[in-house]
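Morning, everyone. I'll keep this quick. Please bring up the structure and follow along.

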2 protein chains.
Amino acid sequence: MATLKDVARESGLTVGTVSRVLNNRGYISDRAREKVDQAMKKLNYRPNEVARSLSKSSSNTIGLIVPHIRHPYFIEMISHLEYQAYQKGYRILLCNSRNIQEKEREYIDICTGNKVAGIILCSGTVPMEVFDKIGISVVTIERFLDNGTAAVECDNRQGGVLAAEKLIACGCRHLLHVGNIGGVFMPADMRTEGFREVCEREHVHFEEILTEEIQYDSMMYEEMLEEALRKFPETDGLFVNSDVIAAQTLQACGRLRIPVPERLKIIGFDDAFLATLTTPRLTTIHQPVREMAEIAVNLLHDSVSGKLVPKRTVLPVRLVERGTT
Amino acid sequence: MATLKDVARESGLTVGTVSRVLNNRGYISDRAREKVDQAMKKLNYRPNEVARSLSKSSSNTIGLIVPHIRHPYFIEMISHLEYQAYQKGYRILLCNSRNIQEKEREYIDICTGNKVAGIILCSGTVPMEVFDKIGISVVTIERFLDNGTAAVECDNRQGGVLAAEKLIACGCRHLLHVGNIGGVFMPADMRTEGFREVCEREHVHFEEILTEEIQYDSMMYEEMLEEALRKFPETDGLFVNSDVIAAQTLQACGRLRIPVPERLKIIGFDDAFLATLTTPRLTTIHQPVREMAEIAVNLLHDSVSGKLVPKRTVLPVRLVERGTT
DNA sequence: AAAGAAATGATTATCGCTTGTCATAAAGAC
DNA sequence: GTCTTTATGACAAGCGATAATCATTTCTTT
């Protein structure tokens, strides 16, 4: 592989000048630029990013830590983040914490060892102090981190409000809400708050059940859902915390012979691709994933560049009506 | 951040010795190991992987190039590859070529610039000569690459055979096959071969339609499918090249009021998570994604270690019966 | 006790690039 | 014609490891 030195020799310039051309630093003439360009092409030169990173003790890589890859929500998030990062000249180091604290810690270590420019954290099993030491910019998405650089969220509470209002408007009077993992706090808990608020205001009865970590990890909710529907047979409106759960509710309803949306209306959350592939299609709360990803990358970029960034950014959600209401 | 030097000072040893401890090289006493361990802990030392990579002119990162992230098949593949790579001490640099040659080229450059240990290629818009120059190990998954290091595939032909046999066994006599993108050659084309063979052998009539790149990229097949079902109204058995297409066929059937599986039987391909979320659930050809991912990473590892690796590895597929047959 | 193995020290080149310093020219401003 | 700006050369320190060389010292063996 050709090095800077080779390019310098080939172009008849010195490494200093060539480096200045590459980094757009100091005085450079158009002629020099041209000569460097030609030499680079001729030698098929690619700067060694590793050496660059070492020299600057920071790379152009973003560590992306997610608790799950196969989950439809994270798929969308990862896909958009990759794109946004690419647009801004960053690469993505993909880290799947599998929702395990030890793995998350390990990945954080890996990120620091690899001198990532920053971390985008969609996983949240690790306390802030772990980050305090390492001095890396961290942008969270839909996670709390007491003292993090910046947090991006959607308006979860509003999502809960929209769902409740819609179900009630549809005439449902016995609501059921399938929420987050018990004992783990995250912004998504606010969906429950919003939902609860509306139900209480409207004096509509509602039940609430929590989920378990193992269900989240394996994405298997069916058994639990069947049980819940058996336990609350009068349920006529259901608000669940993800499209995956909603899709599996449809499966359970199929088995229990509960017609949707005739006897039971369902509203999911996320508006992932999956929402358009079920029968009927899912009515759901749309999270602006594209925008959230874009903002997250921008925040990280700004923070790395030393700019002051907002600690919290909340984006609006909206109800997307399809076939389950 | 603490460096090797600091650890050396703290442990009362020299950098040479500490480096030898870290890399398990040469003679080292247990006492030295201990002292280094303690010093590392005390200083919260993490080796700078960037410096390491520069020194060895190769990193422990694998460049993973996919044409798509949101596609259910690639999701599973990415998830498994990440896990397998992690197990073997590799990191994943996630590259989404979006099925665009220029982007793929660019990502290949990025990979070389970042001195990846090797590339796992699930995308295939770039000719081999691009790789020839750079001298990087490349393992392909479900792609042809004339002169690549190693290729991992599933037995696509057998998949086609199984699908055809099943449909015919179910009594279908007017088959339709939705194949790959026209003009682009890939191992998945062999599914069509196997399917065709059986149909011809059994004298069962079948139609075949190709898809377009834009459909693949956007994952929107519905219009095309509706059209196809209108054009061939006597169709009673359908074999499509992915679960995404199968799921959208269900959507189309819903709109056209074609009962599945009563009047039309459908077999998909991949056996992604999605296959269990549709109504009815998809009968499909299972690709052993976990094993393919594991083998791909192993092959890359072996190849990087200088071992001789098989040029082609073909894994068996199997029919998974669910509700669409 | 002699010989070899085991363990470490001390030092340094190397990886490829960034960035700083200082010197030196040539071009343009006034 | 001086002064500044622009453009480059020449050189070298530094980023944080790896790994090689050579010199020592301590421990085993026989």
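Start at Leu93(A). Its bridge partner in β2(B) is Leu93(B). The strands here are β2(A) and β2(B), residues 91-96 of chain B. They pair in the antiparallel sense, over three bridges. Keep in mind that this is a predicted model.

Now the whole contact between the chains. Chain A puts in 41 residues, and chain B puts in 41 residues. On the chain A side, at least two residues each come from α4, α5, β2, α6 and α12. Which element gives the most to that side? α5(A), with six residues. By class, the side of chain A that touches chain B has 18 nonpolar, 14 polar and nine charged residues.

Next, the DNA. Strand D has 31 residues around it. The closest are Thr17(A) and Ala32(A) from chain A, plus Thr3(B), Asn48(B) and Ala51(B) from chain B. In chain A, α2, α3 and α4 each give two or more residues to this surface. In chain B, α2 and α4 do so. The surface near strand D divides into 13 nonpolar, 14 polar and four charged residues.

Last item, α2(A) and its packing with α1(A). Their axes are 9 Å apart, at an angle of about 105°. The cut-off for roughly perpendicular is 65 to 115 degrees, so α1(A) is roughly perpendicular to α2(A). From α1(A), the contact uses Leu4(A), Lys5(A), Val7(A), Ala8(A) and Ser11(A). From α2(A), it uses Val15(A), Val18(A) and Ser19(A). That contact divides into five nonpolar residues, two polar and one charged.

Conventions: Residues numbered from 1 in each chain as written. Chains lettered and ligands numbered in written order. Predicted model: local features only at pLDDT ≥ 70, side-chain atom pairs only at ≥ 80, totals over all residues. Axes fitted to C-alpha atoms, helices over the stretch in contact; angles between N-to-C directions. Helix = DSSP H or I, 4+ residues; strand = E, 2+ residues; numbered from the N terminus. Parallel < 35°, antiparallel > 145°, perpendicular 65-115°, else oblique. Contact = placed C-beta atoms within 7 Å. Nonpolar A, V, L, I, M, F, W, Y, C, P; charged D, E, K, R; others polar. Near = placed C-beta within 6 Å. Pairing = 2+ DSSP bridges.
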